[in-house]
Amino acid sequence: MKVSKYLFHTYKEIPSDAQVISHQLMIRAGMIKKIAAGIYTYMPILLRTIRKIERIVREELNRAGAIELLMPMVLPAELWIESGRWNYYGVELLRFKDRKNADFCLGPTHEEIITDIVRQELKSYKDLPINLYQIQTKFRDEARPRFGLMRGREFIMKDAYSFHTDEEDAKREYKNMYDAYTRIFKRCGLRFRAVSAATGNIGGTLSHEFQVLAESGEDEILACNKCDYAANVEMAISSSIINNYEDKGDRFIEVNTPNRKTVEDVTAFLGIGANRLIKTLIYICDNKPVALLVRGDYDVNEAKVKAIFKCEELRLANDAEVESITGSPVGFAGPIGLNVDIYADNSIQGLKGAVVGANRADTHFKDVNVERDLKNIKAFYDIRFAKVGERCPLCNRGVYERYRGIEVGQVFYLGTKYSSKMKAEFLDRDGSKKPMIMGCYGIGIGRTAAAAIEQNHDENGIIWPMPIAPFEVHLLGIGTDIEEVVRRCDLLYKELLDLGVEVLYDDRDERPGVLFKDADLIGIPIRVSISKKSIEKGGVEVKLRREKNSFIVPFDKVLSEIKNLIDSEYKFYKGGVGGNK
RNA sequence: CGGGGCGUAGCGCAGUCUGGUUUAGCGCGCUUGCCUUGGGAGCAAGAGGUCGGUGGUUCAAAUCCACUCGCCCCGACCA
């Protein structure tokens with residue numbers, strides 16, 4: 001491709017509304033154009049990268065035995081009503097009506113549609129397992145789209161859905177997809193980790209996210225520094241706590257705590273550490289109030305609570321609800337004498353000499369012994385956020401370290417959540433009807449491109465890993481008024497094309513500085529320039545984008561040398577640079 | 001959805017508080033010519049704007065008022 005004939009325009013100024021580096025560089029390099037909040041055009045150069053990522057995804061999924069199809073983006077409401085998500089999904093589902101006033105939506109994900117297809121087409125255990133995928137534009141009406149392609153409303157996603165006769169086979173496929181994802185992201189040249197994750201409103205019970213490690217990432221990850229365990233902070237298992245305080249007396253005592261409502265106020269007033277206070281939080285869990293107890297220096301993790309109580313909607317009670325449930329203003333709730341179900345975090349197990357609210361204004365109880373005084377706790381669970389530096393509960397040797405990550409893929413074990421609601425059943429060997437067991441698996445294609453830039457750039461621009469670079473070679477003709485420069489460039493361009501090399505030929509009549517700056521900005525892995533200087537040195541100048549120095553290659557060796565460089569660049573990324581060990 | 005900010009040429013901005021000497025400017029980019037050629041050169045001449053929209057106040061509105069649409073940031077939310 002010749003730049004003079006291409007759609008190619010770069011910008012010197014950093015766009016003021018772009019916060020993260022991938023967004024800034026994509027705009028400066030003319031790779032995306034915004035048309036509305038979170039909705040972008042993929043310009044020609046970036047589209048080549050998107051297509052390459054898609055190709056890697058297709059190759060690995062096909063190899064793993066998945067089958068590609070393509071479902072519609074415009075979806076009728078019926079299937080969503082059937083699954084219950086027409087109401088549950090909320091405002092993120094973009095809804096509209098057709099000319100007959102029938103309800104439709106833009107597909108944010110396709111569990112309903114694929115389940116409908118499979119239940120019509122597949123009736124026998126002999127038809128299973130099957131794994132179907134598509135690469136398609138999705139739409140989710142995000143409250144706050146941001147960071148360019150990282151969190152758009154419209155985005156390209158690969159989504160796959162698998163159907164099985166039994167749990168064991170579904171878990172085998174889960175592992176199969178997990179391994180395919182590992183290969184995909186390694187081939188894209190990314191440093192990433194697979195972490196255990198919450199299942200959100202897709203549903204299901206088991207999930208891993210593939211997180212590209214980058215400080216600009218929106219997700220927080222805790223990972224053991226000794227073993228393989230890594231988890232989204234929403235899911236990270238808390239380590240057990242030993243509370244070894246002595247009892248103060250043989251019963252708890254009432255204390256006056258005028259207007260001391262927060263953990264900070266109460267602990268400062270009573271002169272104790274936050275680890276001696278028990279927070280009592282009133283939650284509404286699917287319309288039913290519950291009290292959750294956690295030590296004052298920890299926070300309740302709502303994702304864990306949702307999972308344990310299998311509740312769909314969980315929220316903190318509002319002030320009025322707290323008052324009617326506890327009989328006291330907010331800030332003085334406590335477990336003693338409280339008349340709702342009480343559950344506690346493991347962190348308060350065995351705690352003695354503790355402080356709790358008294359369910360009366362301006363009053364707390366102190367010298368509380370959990371075992372002795374809080375017999376009304378129904379059960380202890382891990383319902384708090386784990387913290388950095390905590391001992392890893394799995395290997396018990398390492399400690400948690402904190403990373404930030406960009407979620408580029410997620411795998412879910414769904415079970416029968418959709419198949420039972422939508423009657424996706426098969427006839428088993430013994431003639432009995434059973435719901436299919438499902439899994440689903442997503443990859444954000446555009447987000448993967450953005451994540452690759454977050455990890456691979458310098459102060460001058462993008463440094464694409466060869467497997468997903470828009471072109472393999474960037475050819476620069478420096479000095480278009482010199483006949484030999486132009487002649488040699490034109491010839492080399494043609495020879496490279498004949499060899500099947502993807503080459504972007506910058507044939508513009510620009511000064512060297514402009515050509516070099518643009519080349520660095522768009523980040524093609526191999527730069528080849530021909531100029532008066534290089535000709536005087538008897539060849540072309542070659543430079544790898546990811547390395548500092550250039551070198552001269554004699555004209556008669558140029559083609560073989562470039563071929564070798566391309567091969568070795570692919571090899572450099574082939575083994576991959578990321579993943580859990 | 002709560003809080004804050006911003007809409008002026010393709011992009012980045014000044015002008016708005018204090019309405020009128022502004023024919024609405026500046027930088028980048030774009031067009032033409034000269035010149036220059038190893039890290040975003042220089043000179044000269046140009047093209048390009050219903051000042052987000054609607055309504056109002058006024059002799060007069062980019063500027064004041066009301067409504068409205070859009071965009072960005074923080075938070076809540078989110079495969």
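In helix H13 of chain A, the residues Val485, Arg488, Cys489, Leu492, Tyr493 and Leu496 are buried (20 or more other C-beta atoms within 10 Å of a residue's own, with C-beta atoms placed from the backbone). They sit on the same side of H13, because they cover an arc of only 135 degrees around the axis, taken from the directions from the helix axis to the C-beta atoms. An α-helix has 3.6 residues a turn, so residues three or four places apart point the same way.

This is a predicted model: local features need pLDDT of at least 70, side-chain atom pairs count only at pLDDT 80 or more, and totals for chains, interfaces and linings use all residues. Residues are numbered from 1 along each chain as its sequence is written, while chains are lettered from A and ligands numbered from 1 in the order written.

**Helix H13**
- H13 covers residues 483–498, 16 residues in total.
- From first C-alpha to last, H13 reaches 23 Å, close to the 22 Å expected at 1.5 Å a residue (1.5 Å times one less than the number of residues).
- Gly500 follows H13, with a positive phi near 85 degrees.

**Its two faces**
- The buried residues pack against strands S27 (473–477), S28 (503–506) and S29 (526–530), and against helices H15 (532–536) and H16 (558–574).
- Turned away from the buried side are the exposed residues Glu483, Glu484, Arg487, Lys494 and Asp498 (exposed: 12 or fewer such C-beta atoms).

**Chain A**
- Chain A has 16 helices and 31 strands (DSSP runs numbered from the N terminus: H or I, at least four residues; E, at least two).
- Of its 581 residues, 41% count as buried.
- Among contacts between residues at least 6 apart in sequence, 71% join residues at least 24 apart (contact: C-beta atoms, placed from the backbone, within 7 Å).

Methods
Two residues are in contact if their C-beta atoms, placed from the backbone, lie within 7 Å.
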